[in-house]
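Student: I would like to learn how to read a few features of a protein model. Could we work through one example?

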Amino acid sequence: MEQLVELEQKAILVGVNLNDQEDFAYSMEELANLADACEVEVVGTLSQNLPKVNPSHYIGTGKIQEVTALLEGNGGNLVIFNDELSPSQIRNLESELKCKVIDRTILILDIFARRAKTREAQLQVEVAQLKYMLPRLVGLRESLGRQGGGVGTKNRGVGETKLELDRRRIEEKITMLSKELEALVAHRQIQRKQRKKNDIPVVSLVGYTNAGKSTIMNAMLDTYNPSSQEKQVFEKDMLFATLETSVRSIPLQDNKSFLLTDTVGFVSKLPHHLVKAFRSTLEEVAEADLLIHVVDYANPEFERLIQITNETLKEIGVTDIPTIYAYNKSDLTEHHIPEVQGDKVYMAAKSRIGISELVEQIRRQIFKDYIRCTMLVPYDQGTVVSYLNEHANIIETSYEEEGTKLYMECRLSDYGKYKQFVIGGAGKQSE
Ligand SMILES: Nc1nc2c(ncn2[C@@H]2O[C@H](COP(=O)(O)OP(=O)(O)OP(=O)(O)O)[C@@H](O)[C@H]2O)c(=O)[nH]1
Ligand SMILES: [Mg+2]
């Protein structure tokens, strides 16, 4: 079942500011952007300072009337809460407000459902949606009875199941979808193992949604792999433009190359079920040799967004991977570009400024274990010479009586593999 009747949705946003959180205003602004991504019009906002949320209604009961007034005054037909609501909170709020009530989690799940293109991403979102729904069946049922369609009801699986299936059948569905997902994941794991065997370093772009990860990926492809026009990834000014992981090879001139992966971005209060469901997508990140943490430096809240990204990375088990910070969108700031400062690269991917500086930093990190040496390979070992020509940086070749003499820079693992041919000087790669 595709999208039900597309009702015009006009929402009131409601948030509780617990103990004057500094980032509260930003999180409300972000909620509005999330609503926008679901084509919901925001017609009013209400916030309340509280030392703790009200367990029965999230906001204080006195505030309920204010929400009702806002709904009536602005023609609203939906209320969106800035935190995940409990099943009973949704029930209570719906019965008091007499309109559909959703929370930040369902909004994010809905965006993911709209954007998921691959079967894997679709399954991941559907599992997360069903798990979110399971304890909330009663409330959601009432809500759907009140108003069909619109945000939070779009996904096929959920739409179909919501009314007619009971708990047990939803559980069965989760099991079934999880099995299908496992099979897809196993396939990707095999691909990943294969890549590992090839020993090519993996660099992963990570960061907050809309920071410019996909734009950096495309800029690198433009610069270093121009024949790969068709391999460009989707970039757009919207939240969660990317939901799937793409891997591309970035070949550098001296026979050194690396794989670059682009993946889903993060957001504050990313639903727990979603992080869990996307674990397999994010495993790719966990196994990277190097992370490029992409920062939207033009966002005044950039430091907080870095923090949220780091917390999410921790949640998926990424803690000790070396990281370079790409301070992207610096063209919108006063900062001089391109500029490298320690582990930070100030750049502007959209206008292709700072790409080679970023790549230089990547090179320093991932080709650390290259060494210089000379090998003498007998003429009957032609395959070794062609392997080295392909995988090492050959600086000089000469043909001696005993075989081909190669002065080169190669990976430590290749050095070990062909140790018997080494005739001189194993030194660390010069800077
Ligand atoms: N001004 C400016 N805009 C940029 C720059 N880099 C990217 N953008 C814009 O920022 C928006 C988001 O870029 P994406 O590359 O899609 O961002 P992302 O991090 O992949 O986002 P998600 O996939 O949604 O997580 C696009 O409209 C880009 O054109 C930059 O250096 N300067
Ligand atoms: Mg992207």
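Tutor: We will go through cysteines, a metal site and a helix. This is a predicted model, where local features need pLDDT of at least 70, side-chain atom pairs count only at pLDDT 80 or more, and totals for chains, interfaces and linings use all residues. Residues are numbered from 1 along each chain as its sequence is written, chains are lettered from A and ligands numbered from 1 in the order in which they are written, and side-chain values use heavy atoms, with hydrogens and water left out.

Student: How many disulfides are there?

Tutor: A disulfide is a covalent bond between the sulfur atoms of two cysteines. The rule asks for a pair of cysteine sulfur atoms within 2.5 Å, and the count here is zero. For Cys 410, the closest cysteine sulfur is that of Cys 373, at 4.2 Å, which is too far for a bond.

Student: Is Cys 410 buried or exposed?

Tutor: Buried means under 20% relative accessible area, exposed over 50%, and partly exposed in between (1.4 Å probe, protein chains only). Cys 410 has 0% and is buried; Cys 99, at 8%, is also buried.

Student: Which protein donors does the magnesium ion (ligand 2) have?

Tutor: Donors are N, O and S atoms within 2.8 Å of the metal (3.2 Å for Na, K and Ca); water is not among the atoms, so sites may look incomplete. Here they are Ser 214 (OG) and Thr 242 (OG1), 2.0 to 2.1 Å from the ion. Both residues are buried.

Student: Which residues of helix H14 are buried?

Tutor: Helices (H or I, at least four residues) and strands (E, at least two) are DSSP runs, numbered from the N terminus. In H14 (residues 382-391), the buried residues are Val 384, Val 385, Tyr 387 and Leu 388. On the other side of H14, Thr 383 and Glu 390 are exposed.
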